[in-house]
Amino acid sequence: MDSKYLAYVEDSNGAFYVKPFEKMVPELNLEKFTEKDIDSIMKILGIDNWYIVEKAPL
C-alpha cells in the first residue's frame, strides 16, 4: 500500500498552504514546530508546489 502525506501550514499572515509528499521522515512528524525547525523542514519539502487552501475545520 502506498502512503501519501500532506504538510499543512499557516504562514505569519494567516494564509494556509498544503504540500503533498511521499516519504515520511522523523523531522516531518510534527504536530507543531518552532521557528528553529522551519529551515530544516523547508530543506526537506522545498519551497515549490505549495497550494493555497482554506483553513481546515477543527
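1. A pocket, as the word is used here, is an open set of grid points with protein on both sides within 12 Å along at least five of seven lines. The second largest pocket of this predicted model holds about 280 Å³ of space. The points below begin with the model as a whole, turn to the strands and selected residues, and then return to this pocket.

2. Confidence. The mean pLDDT of the protein is 86, and 97% of the residues score at least 70. Among the named elements, confidence is lowest in helix 1, residues 35-45, with a mean of 86. Strand 3, residues 51-53, has the highest, at 97. As a general caution, where pLDDT is low, the predicted coordinates should not be read in detail.

3. Overall architecture. The protein contains one helix and three strands, arranged along the sequence in the pattern β-β-α-β. Along the principal axes, its C-alpha atoms fill a box of roughly 35 × 25 × 25 Å. Of its 58 residues, 17% count as buried. When contacts between residues at least 6 apart in sequence are considered, 45% of them join residues at least 24 apart.

4. Pairing of strands 1 and 2. Strand 1 (residues 5-10) and strand 2 (residues 16-21) are paired in the antiparallel sense, over six bridges. Two of the cross-strand positions may be named: Tyr 5 stands opposite Phe 21, and Ala 7 has Lys 19 as its bridge partner in strand 2. The hairpin that these strands form has five residues between them, and in that hairpin Gly 14 adopts a positive phi near 85 degrees.

5. Pairing of strands 2 and 3. Strand 2 also pairs with strand 3, again in the antiparallel sense, over three bridges. Here Tyr 17 has Ile 52 of strand 3 as its bridge partner. Strand 2 is thus paired with strand 1 and with strand 3.

6. Leu 6. This residue belongs to strand 1. Is Leu 6 buried or exposed? Leu 6 counts as exposed because its relative accessibility is 59%, and the threshold for that class is over 50%. Beyond its neighbours within four places in sequence, Leu 6 is in contact with Lys 19, Pro 20 and Phe 21. The C-alpha atoms of Leu 6 and Pro 20 lie 4.4 Å apart, with a sequence separation of 14 residues. As a general matter, the side chains of a regular strand alternate between the two faces of the sheet.

7. Residues flanking the strands. Ser 3 is found in the segment before strand 1 and is partly exposed, with a relative accessible area of 39%. Ser 3 and Lys 23 are 20 residues apart in sequence, and their C-alpha atoms are 8.0 Å apart. Met 24 lies in the loop between strand 2 and helix 1, and is likewise partly exposed, at 32% relative accessibility. Which residues does Met 24 touch, not counting residues up to four places away in sequence? They are Tyr 5 and Asn 29. The C-alpha distance from Met 24 to Leu 58 is 23 Å, across a sequence separation of 34 residues.

8. Asn 49. A backbone feature of the loop between helix 1 and strand 3 deserves inspection: Asn 49 is found in that loop and has a positive phi of about 65 degrees, although it is not a glycine. The relative accessible area of Asn 49 is 55%, so this residue is classed as exposed.

9. Lining of the second largest pocket. The residues that line this pocket are Val 9, Glu 10, Asp 11, Ser 12, Tyr 17, Phe 33, Thr 34, Glu 35, Ile 38, Ile 41, Met 42 and Trp 50. Helix 1 gives the largest share of the lining, four residues. Strand 1 and helix 1 each supply at least two residues. Sorted by class, the lining comprises seven nonpolar, two polar and three charged residues. Tyr 17 connects this point with the strand pairing described above: Tyr 17 is one of the lining residues and is also the bridge partner of Ile 52 in strand 3.

Technical notes:
Residues are numbered from 1 along each chain as its sequence is written. This is a predicted model: local features need pLDDT of at least 70, side-chain atom pairs count only at pLDDT 80 or more; totals for chains, interfaces and linings use all residues. Side-chain values use heavy atoms; hydrogens and water are left out. pLDDT is the predictor's confidence in each residue, from 0 to 100. Buried means under 20% relative accessible area, exposed over 50%, partly exposed in between (1.4 Å probe, protein chains only). Two strands pair if DSSP finds at least two bridges between them. On a 1 Å grid over the protein atoms alone, a cavity is a set of points where a 1.4 Å probe fits but cannot get out, and a pocket is an open set with protein on both sides within 12 Å along at least five of seven lines; lining residues have an atom within 4 Å of a point. Grid points are joined across faces, edges and corners, and a volume is the space filled by probe spheres set on the points. Ala, Val, Leu, Ile, Met, Phe, Trp, Tyr, Cys and Pro count as nonpolar, Asp, Glu, Lys and Arg as charged, and the others, Gly among them, as polar. Contact means heavy atoms within 4.5 Å.
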